[in-house]
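Please take a moment to look over the sequence and the model below, and then follow the text from one side chain to the next.

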Amino acid sequence: MNDCIFCKIIKGEIPSLKIYEDDKVLAFKDINPEAPVHFLVIPKIHIESANYLDENNMAIVSHIFKVIQKLTKELNISEEGYRIVNNCGENGGQTVKHLHFHVLGGRDMKWPPG
Ligand code: AMP
Ligand code: ZN
């Protein structure tokens, strides 16, 4: 997608603080962190939101969760816990229309979210 900022980050057209990359996904620090640890994991293919997952692209979600498990261990928040968030659509609070999973940690999380 030409005007998608996360596609631009993948292509290196917008800088980011990358913490992990492979052929399928990219993880980078959120520009506006809401917790001491706050990074995003995104597929390298443009998927607009969770609404657009189907049997052809769904395997990426499994891979993303595997990457989250690896990174939270490396960042030492695995044992104490963390939160994985996917905002979907207008009411879900999704501002960037490229599927992404927030990982937040390093502090006690409140429930329910606002
Ligand atoms: P959401 O509201 O779930 O769509 O989340 C989008 C997230 O992307 C927000 O937490 C933003 O702070 C983050 N974000 C937007 N632009 C950038 C960027 N250039 N680099 C890193 N994070 C970004
Ligand atoms: Zn995109």
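A search of the whole structure, which is a predicted model, finds 2 aromatic pairs. In one of them, the ring centres of Phe 6 and Phe 28 lie 5.4 Å apart and the ring planes meet at 80°, so this pair is edge-to-face. Phe 6 belongs to helix α1 (residues 5–11) and Phe 28 to strand β2 (residues 25–29), so that the pair links distant parts of the chain, 22 residues apart. Phe 6 counts as buried because its relative accessibility is 6%, and Phe 28, with a relative accessible area of 3%, is buried as well.

Phe 65 and Phe 101 also form an edge-to-face pair, with 5.7 Å from centre to centre and 75° between the planes. Because Phe 65 lies in helix α2 (residues 59–74) and Phe 101 in strand β5, this pair ties together parts that are 36 residues apart in sequence. Phe 101 is buried, at 7% relative accessibility, whereas Phe 65 is partly exposed, with a relative accessible area of 37%.

Phe 65 leads on to the surface, where Phe 65, Tyr 82 and Ile 84 make a nonpolar patch of about 230 Å². Ile 84 sits in strand β4 (residues 82–85) and, at 31% relative accessibility, counts as partly exposed.

Is His 98, in the loop between α3 (89–92) and β5 (101–105), buried or exposed? His 98 counts as buried because its relative accessibility is 0%. Its side chain is joined to that of His 46 by a polar contact of 3.3 Å, and, leaving aside neighbours within four places in sequence, the residues in contact with His 98 include Cys 4, Phe 6, Ile 42 and Pro 43.

Key. Residues are numbered from 1 along each chain as its sequence is written. Chains are lettered from A and ligands numbered from 1 in the order in which they are written. This is a predicted model: local features need pLDDT of at least 70, side-chain atom pairs count only at pLDDT 80 or more; totals for chains, interfaces and linings use all residues. Side-chain values use heavy atoms; hydrogens and water are left out. Patches are made of residues with over 30% relative accessible area and no salt bridge: like charges are joined within 9 Å, nonpolar side chains (Val, Leu, Ile, Met, Phe, Trp, Tyr) within 5 Å. Accessible areas come from the Shrake-Rupley method with a 1.4 Å probe; for residues, only the protein chains shown count as cover. A salt bridge is a side-chain nitrogen of Lys or Arg within 4 Å of a carboxyl oxygen of Asp or Glu. Helices (H or I, at least four residues) and strands (E, at least two) are DSSP runs, numbered from the N terminus. Buried means under 20% relative accessible area, exposed over 50%, partly exposed in between (1.4 Å probe, protein chains only). A polar contact is a pair of N or O atoms within 3.5 Å; within protein, one must be able to donate a hydrogen and the other to accept it, and residues adjacent in sequence count only if both atoms are side-chain atoms. Contact means heavy atoms within 4.5 Å. Rings of Phe, Tyr and Trp (its six-membered ring) pair if their centres lie within 6.5 Å; planes under 30 degrees apart count as stacked, over 60 as edge-to-face and the rest as tilted.
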